[in-house]
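User: Please take a close look at the nonpolar core and at the strand pairing around it. A single connected account would be best.

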Amino acid sequence: MKATGVVRRIDDLGRIVIPKEIRRTLRIKEGDPIEIFTGKEGEVILKKYSPIGELSEFATGYAETLAKTTGHIACITDKDSVIAVSGGSKKEYLEKAISPELEKIIENKEVYTSKDNNEKALPITQNANTNNLNNSQVIYPIISDGDVIGSIVLLSKEQSTKMGDSELKVAQSAAGFLSSQMEI
């Protein structure tokens, strides 16, 4: 645990304000769910809740299936980071914060496909090596009960690969399946 040096008082309704700097750093927005834990020594620990993060083991297996089926790198993200990857470098993607570009696509519930190798590929993680960007990709949001909870990302392994309707349909099916698992 890292001390911030910030001290806040609890008001008469039991509320406490999380400072703006901490909310910005941890990417916590109004309405985001927060999980509350207690420690052995009286600590109260707040953690941004990731509904899809609860399925991380399942998501890892699903990413492996996607990678084997499509022959592409498969990443599954929540709204903040990559929670599962298969077919590519785990070191490069796994548990890395997603890029602002990807976050914007997810938040807007957009489906993104770069079909042509001329198109600029979107960075998936923050501080991604721009020389190492995959030329072709499909991004499909995972929506549960009307809320975006993450995304399915398929990335080409080779420069000549172009994404088409079949990759889009696979990503759509995967997003729908993971969404249905959240409702169980």
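Analyst:
**The core and strand β3**

Of the 21 residues in the largest nonpolar core, those that touch the most other members are Ile-52, Ile-76, Ile-142 and Ile-152. Such a core is a set of buried Ala, Val, Leu, Ile, Met, Phe, Trp, Tyr and Cys residues joined through side-chain atoms within 4.5 Å; buried means under 20% relative accessible area (1.4 Å probe, protein chains only). Two or more residues each come from α2 (56–70), β3 (73–77), β4 (82–86), β6 (137–144), β7 (147–155) and α5 (165–182), with α2 giving the most, five residues. Helices (H or I, at least four residues) and strands (E, at least two) are DSSP runs, numbered from the N terminus.

This is a predicted model, in which local features need pLDDT of at least 70 and side-chain atom pairs count only at pLDDT 80 or more, while totals for chains, interfaces and linings use all residues. Residues are numbered from 1 along each chain as its sequence is written, and side-chain values use heavy atoms, leaving out hydrogens and water.

A second, separate core of 16 residues includes Ile-73, Ile-106, Tyr-112 and Val-148.

In β3, five of five residues are buried. Ile-73, Cys-75 and Thr-77 lie on one side, Ala-74 and Ile-76 on the other, so both faces are covered. In a regular strand the side chains alternate between the two faces of the sheet.

Strands pair if DSSP finds at least two bridges between them. β3 runs antiparallel to β7, joined by five bridges, with Leu-155 as the bridge partner of Ile-73. Four bridges join β3 to β4, also antiparallel, and Ile-76 stands opposite Ala-84 there. β3 and β4 form a hairpin with four residues between them.

Note on methods: Buried means under 20% relative accessible area, exposed over 50%, partly exposed in between (1.4 Å probe, protein chains only).
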